[in-house]
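I opened this notebook to keep track of what I looked up in a structure that was new to me. The entries follow the order in which I went through it.

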Amino acid sequence: MRIETDLKLGFKDVMIRPKRSTLRSRAQVSLERSFSFLHSGKAWSGVPIMAANMDTIGTFEMAAALAKPGLLTIVHKHYSPDTWADFLNTHPGIEDNLAISTGTTERDLDTLKTVLERHPSLYFICIDVANGYSEHFVDFVGKTREHFPEHVIIAGNVVTGEMVEELLLSGADIIKVGIGPGSVCTTRIKTGVGYPQLSAIIECADAAHGLGGQIISDGGCAVPGDIAKAFGGGADFVMLGGMLAGHEESGGDRIERDGKHYKVFYGMSSDTAMNKHAGGMAKYRASEGKTVEVPYRGPVINTVNDILGGLRSACTYVGAQRLKELSKRTTFIRVQEQHNAVFADA
């Protein structure tokens, strides 16, 4: 046993200090970024915010909506190859804004191969597991790279620099960072394992950028300001789950109670997800996710516009004309309060 005594930080622990700016308007800020990926050689441009690959978030309906302003959707792994074909045939040219998700079983790999053989223009792959520290996962990343040498491979989740480096060297292009920060994740409660998200971003971005890779901050964003902090900390992409829940395009049942409408939102390691996709929770494991009811919020584009507006405003406060400049212009200050919460429920 050993103890690390240096303090690790989450989004609630810091604010971004404003700096002198020559920008006259939020309209001058560009949120588009361009990347060339380490192993695949592919190039991509767009707004580097992603919908999470949860079956209540990473839906085809969400993908169609988010592609219009240039955002990405990591589509959940529970669609069949035929459903993929129907969607792609009716949404030509959307492949640049999509990733297909896979687990690490042979069945997952077979589905992945089938979809990509039918649709070679789909080039983002997300290999997603809760615990990215297993040797089996590292081996699977390497095998996937062998099968798909020209595809962009996203792999995760991890929270430490040395594992970021190992996954990049094994064939991944982008590493998904975050263990336990999600709004419907109970991993930290059930296991005691985790890492404060902002420190994870800072440390993992440093490791990834040193090898020419990128990272995704996955989880922990509750408000648009948290997204600005993630980018300020060095994240190349930010993945959202709960902030995109409850919308028309979100998955989950829509229910009505006392004249109000809600949509069900749950973690992918919850009892709800296990009952839906795996025939129930295995006896050797515990649920590591919540099931909640989110007030219905209408079309997701309204929320997206609010997020992008907040992000542009953050850039103007520090003088970043492009999103790429935000991390270079960011100075975090440690704080004990974030905002005046007198009317928090209003």
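**Entry 1, the annotated site.** I began with the record, where an unreviewed UniProt entry carries the annotation "active site" at Cys185. I kept in mind from the start that I was looking at a predicted model. When I looked for its place along the chain, I found Cys185 in the loop between strand 9 (174–177) and helix 6 (187–191). Is Cys185 buried or exposed? I noted a relative accessible area of 25% for Cys185, and because buried requires a value under 20% and exposed one over 50%, this residue counts as partly exposed. I then set aside the neighbours within four places in sequence and listed what remained in contact with Cys185, namely Gly180, Glu288 and Gly289.

**Entry 2, a pair of helices.** Next I turned to helix packing, for which I needed both the angle between the axes and the distance between them. For helix 5 (residues 161–170) and helix 7 (residues 197–211), I wrote down axes that come within 8 Å and cross at roughly 30°, and I recorded the crossing as right-handed. Which residues make the contact? On the side of helix 5 I listed Gly161, Val164, Glu165, Leu168 and Leu169, and on the side of helix 7 Glu203, Cys204, Ala207, Ala208 and Leu211. Sorting this contact by class, I arrived at 7 nonpolar, 1 polar and 2 charged residues.

**Entry 3, two details of the backbone.** I looked up the peptide bond from Gly156 to Asn157 and found that it is cis, with omega near 20°; Asn157 itself lies in strand 8 (residues 152–158). I also stopped at Asp258, a residue other than glycine with a positive phi, near 55°. I located Asp258 in the loop between strand 12 (254–257) and strand 13 (260–266), and with a relative accessibility of 76% I entered Asp258 as exposed.

**Entry 4, the chain as a whole.** I finished with the overall picture, starting from the 11 helices and 15 strands in the chain. How does the radius of gyration stand against that of a compact globule, and what value does the chain have? For 346 residues such a globule would have a radius near 20 Å, and I noted 19 Å for the chain, so the two agree. Along its principal axes, the C-alpha trace spans about 55 × 55 × 50 Å. I recorded 53% of the 346 residues as buried. Among contacts with a separation of 6 or more, I found that 66% come from residues 24 or more positions apart.

Conventions:
Residues numbered from 1 in each chain as written. Predicted model: local features only at pLDDT ≥ 70, side-chain atom pairs only at ≥ 80, totals over all residues. Heavy atoms only, no water. UniProt positions renumbered as here; feature names shortened; annotations may be inferred. Helix = DSSP H or I, 4+ residues; strand = E, 2+ residues; numbered from the N terminus. Buried < 20%, exposed > 50% of the residue type's maximum accessible area, 1.4 Å probe, protein only. Contact = heavy atoms within 4.5 Å. Axes fitted to C-alpha atoms, helices over the stretch in contact; angles between N-to-C directions. Left-handed = near helix turned anticlockwise from the far one by under 90°. Nonpolar A, V, L, I, M, F, W, Y, C, P; charged D, E, K, R; others polar. Rg over C-alpha atoms; globule rule 2.2 N^0.38 Å.
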